[in-house]
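Grab a pencil and work through these exercises with the model open beside you. Each one sets a task and then walks through a solution.

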Amino acid sequence: MVAVSVSQRVASDDQLARLLQIGIVLEEVVEARTHRHYQQLDAELDAEVETLLADAAEESADHRERLEALVEGLGVDSVPFGEIESLVDARYGRTRPEDFDDVLYDQLCNEETAYKFYDDLIEAIEGSDAAFSIDREELLATLTTIRDEEAEGVREVTEVMERR
Amino acid sequence: MNTADQYLKTIYVVQDSEDGPASTGSIADALGVSPASANEMIGKLEARGLAEHEKYKGVKLTDDGIVRARDALQTYCIIERFLANVLAVEDFQAEARELEAVIDDTVAERLDTIIDRQPECPDCFDPESDACACLEVAAAPVEPEQQ
């Protein structure tokens with residue numbers, strides 16, 4: 001077994017770039033799954049859930065663009081959306097929600113997961129004294145905005161779930 | 001995955017390969033920490049009922065410890081598989097070791113929706129290669145291009 005480093009800090013540009021790439025993939029998974037939910041449950045979706053999904057897909061696309069701008073600044077490519085979409089499609093049969101309650105739960109998981117990811121990432125960056133080749137303040141400001149929007153997303157989905 | 005989970009995963013793999021209690025030295029070596037640090041964390045795991053330490057013999061995970069260790073190993077396998085098959089990272093083991101502390105289990109679960117993990121995971125984990133024995137790596141992995 002190889003020695004591991006027990007650390008919860010982001011130590012280098014490469015590691016930061018990789019984590020931001022993972023953030024992009026998570027946003028792409030949300031977008032792609034949301035599109036599949038539409039196709040799967042179109043006839044059963046009511047206006048409230050439809051609006052929620054549309055807003056979530058739009059927000060994910062926006063987050064993805066902001067992360068892509070950061071990744072570009074680190075000299076690393078993004079992961080093409082088409083690639084992630086086809087991976088989601090390939091496994092959707094095994095992981096798809098059965099009805100719109102499941103769709104809401106899936107959406108809640110999306111928002112909670114994204115929130116946790118950005119919160120951990122912010123903490124790991126704040127705990128690191130590494131010098132990154134992109135502006136640290138701008139990086140943290142972007143990630144904090146995205147994290148707060150995810151927290152808002154958790155609240156919105158929870159409210160819709162509680163009303164039903 | 002937090003530090004405690006990294007320890008649990010390591011103890012699980014070491015006790016499996018040593019076919020008995022894991023020695024503090026082996027755990028410290030595997031984690032790249034001092035024996036004193038390893039002892040301190042083992043004490044915490046013991047206090048939480050996740051491990052049992054027997055003087056001169058080593059550490060053994062309790063049933064609860066084994067459940068958590070297997071979850072942690074599964075999360076590690078997801079991260080490795082994601083890096084190797086989705087991001088085409090050549091040295092996916094090294095990167096997984098760097099990233100595991102920053103990737104939460106819930107995040108790994110989402111990544112799991114786009115990878116093709118085998119049902120026997122994490123039993124297929126091979127400590128020698130530090131990777132899942134079922135993992136197929138692309139013949140010519142492409143690293144993200146540097147601009």
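**Exercise 1. Find the two domains of chain B and work out how they meet.**

Step 1: chain B splits into domain 1 (3-66) and domain 2 (70-132), with bounds from an automatic or database domain assignment. Before going further, note that this is a predicted model, where local features need pLDDT of at least 70, side-chain atom pairs count only at pLDDT 80 or more, and totals for chains, interfaces and linings use all residues. Residues are numbered from 1 along each chain as its sequence is written, while chains are lettered from A and ligands numbered from 1 in the order in which they are written.

Step 2: the centres of the two domains of chain B, taken over C-alpha atoms, lie 21 Å apart.

Step 3: look for contacts, meaning residue pairs whose C-beta atoms, placed from the backbone, lie within 7 Å. In chain B, 8 residues of domain 1 touch 7 residues of domain 2. On the domain 1 side, helix H1 (residues 3-18) of chain B gives the largest share, 7 residues. Helices here are DSSP runs (H or I, at least four residues), strands likewise (E, at least two), numbered from the N terminus.

Step 4: sort that domain 1 side by class, and you get 4 nonpolar, 2 polar and 2 charged residues. Ala, Val, Leu, Ile, Met, Phe, Trp, Tyr, Cys and Pro count as nonpolar, Asp, Glu, Lys and Arg as charged, and the others, Gly among them, as polar.

**Exercise 2. Which residues of H3(B) are buried, and which are exposed on the face turned away from them?**

Step 1: check the length. H3 (residues 35-47) of chain B has 13 residues and reaches 18 Å from first C-alpha to last, close to the 18 Å expected at 1.5 Å a residue; the expected span is 1.5 Å times one less than the number of residues.

Step 2: count neighbours. A residue is buried if 20 or more other C-beta atoms, placed from the backbone, lie within 10 Å of its own, exposed if 12 or fewer, and partly exposed in between. In H3(B), that makes Ala38(B), Met41(B), Ile42(B) and Leu45(B) buried.

Step 3: look down the axis. The buried residues of H3(B) fall within an arc of 105°, so they line one face of the helix; the arc is that of the directions from the helix axis to the C-beta atoms.

Step 4: turn to the face away from the buried side of H3(B), where Ala36(B), Glu40(B), Gly43(B) and Ala47(B) are exposed.

Step 5: find the partners. The buried residues of H3(B) pack against H1, helix H2 (24-31), strand E1 (51-54), strand E2 (58-61) and helix H4 (63-86) of chain B. After H3(B) comes Gly49(B), with a positive phi near 75°.

**Exercise 3. Describe how chain A is built and how it touches chain B.**

Step 1: chain A has 5 helices and 0 strands, giving the pattern α-α-α-α-α along the sequence.

Step 2: the C-alpha trace of chain A spans about 50 × 35 × 30 Å along its principal axes, and 36% of its 164 residues count as buried.

Step 3: the contact between the chains takes 32 residues from chain A and 29 residues from chain B. Helix H1 (13-41), helix H3 (81-95) and helix H4 (100-126) of chain A are the elements giving two or more residues to its side. By class, that side of chain A has 18 nonpolar, 8 polar and 6 charged residues.

How values were computed. Two residues are in contact if their C-beta atoms, placed from the backbone, lie within 7 Å.
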